[in-house]
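Okay, thanks everyone, can you all see my screen? I'd like to walk you through one structure today, so let me pull it up.

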Amino acid sequence: MWAAVNAGTATWDAAVLLARGESVPATVVAADHDSRLGRMDDLVVALPAPYDVRTEVATPREDLEPGDVVATVVDPDAPARAALVDDGWPWRTTLPLLLVPVLALAGLFALGLAAFGRSPGTGRETTGQETTEPDPTEPGP
């Protein structure tokens, strides 16, 4: 359940940034380089005016340090929703998240066809009248 909520939230954030995001330069204020396998680094970036807020973004980049200026896409209605442009935004972050529900539904559809595609008891269907040939072992009239 936790993974589904996080995936849904990430998909929503990515879709909103894709629809109404603005690209602005931001300054890295703090960087937490987590070296564990599969973990993203957390950055705190200061957004310029008119936003004037600090927000946290996740990135696979380990070369960013405090003081670096990075291109950031920001939701003007909610400046805390941001992503780094250099991380392949929007396609690297958005497309996989948008494909997950589509692929999941396609998989469920395929499983449904495999499980319920043919109902038991369906046999050969005829399209015309069947003719019955007399059985040669039966006595005739």
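So, Asp 77 and Arg 20 make a salt bridge, with 3.4 Å between the closest N and O atoms. That pair links distant parts of the chain: Asp 77 is in the loop between S4 and strand S5 (78-84), while Arg 20 is in helix H1, 57 residues apart. One caveat before I go on: this is a predicted model.

How exposed are the two partners? Asp 77 counts as exposed, at 59% relative accessibility. Arg 20 is partly exposed, at 38%.

Now, Arg 20 has another partner. It also forms a salt bridge with Asp 75, and there the closest N and O atoms are 2.9 Å apart. Arg 20 lies in helix H1 and Asp 75 in strand S4 (residues 69-75), so this pair ties together parts that are 55 residues apart in sequence. And Asp 75 itself, is that one buried or exposed? Buried, with a relative accessible area of 0%.

Let me stay on Asp 75 for a moment. Asp 75 forms a salt bridge with Arg 81 as well, the closest N and O atoms being 2.7 Å apart. Arg 81 counts as buried, because its relative accessibility is 19% and the cut-off for buried is under 20%. Then there's a backbone piece: a polar side-chain atom of Asp 75 lies 3.1 Å from the backbone nitrogen of Asp 77. If you leave out residues up to four places away in sequence, Asp 75 touches Val 16, Leu 17, Arg 20 and Arg 81.

Put it together, and Arg 20, Asp 75, Asp 77 and Arg 81 are linked in a network of salt bridges. As a reminder of the chemistry, side chains of opposite charge can pair when their charged atoms come close. For the whole structure, the count of salt bridges is 4.

Right beside Arg 20 in the sequence there's Ala 19, also in helix H1 (residues 2-20). Ala 19 is exposed, with a relative accessible area of 70%. The C-alpha atoms of Ala 19 and Asp 75 are separated by 9.0 Å, and those two residues are 56 apart along the chain.

Let me zoom out. What's the order of elements along the sequence? It reads α-β-β-β-β-β-α, which is 2 helices and 5 strands in the protein chain. There are 141 residues, and buried ones make up 21% of them. If you take contacts between residues at least 6 apart in sequence, 53% join residues at least 24 apart. The chain exposes about 10200 Å², and carbon and sulfur atoms supply 61% of that.

On to the strands. Strand S2 (residues 41-46) and S3 run antiparallel, joined by 6 bridges. If you want a landmark in that pairing, Leu 43 stands opposite Val 57 in S3. In a regular strand the side chains alternate between the two faces of the sheet. Which residues of strand S3 (residues 54-59) sit on the covered face? Those are Thr 55, Val 57 and Thr 59, whereas Arg 54, Glu 56 and Ala 58 are on the uncovered one.

The loop between S2 and S3 has a couple of backbone oddities I'd like you to look at. For background, most residues other than glycine have a negative phi, and most peptide bonds are trans. Here, though, a cis peptide bond joins Ala 49 and Pro 50, with omega at about 10°. Pro 50 sits in that loop between S2 and S3. Asp 52 is in the loop between S2 and S3 too, and Asp 52 has a positive phi of about 50° although it isn't a glycine. Asp 52 counts as exposed, at 58% relative accessibility.

Last stop, the other helix. Leu 99 is in helix H2 (residues 91-116). Leu 99 joins Val 102 and Leu 103 in making a nonpolar surface patch of about 280 Å². How accessible is Leu 99? It counts as partly exposed, at 38% relative accessibility.

If you keep one picture in mind, make it the salt-bridge network of Arg 20, Asp 75, Asp 77 and Arg 81. Okay, that's me done, thanks for listening.

How values were computed: Residues numbered from 1 in each chain as written. Predicted model: local features only at pLDDT ≥ 70, side-chain atom pairs only at ≥ 80, totals over all residues. Heavy atoms only, no water. Helix = DSSP H or I, 4+ residues; strand = E, 2+ residues; numbered from the N terminus. Buried < 20%, exposed > 50% of the residue type's maximum accessible area, 1.4 Å probe, protein only. Contact = heavy atoms within 4.5 Å. Areas by Shrake-Rupley, 256 points an atom, 1.4 Å probe, with all protein chains shown as cover. Patch = residues over 30% accessible without salt bridge, like charges linked within 9 Å, V, L, I, M, F, W, Y side chains within 5 Å. Salt bridge = Lys/Arg side-chain N within 4 Å of Asp/Glu carboxyl O. Pairing = 2+ DSSP bridges. Polar contact = N/O pair within 3.5 Å; in protein donor to acceptor, adjacent residues only side chain to side chain.
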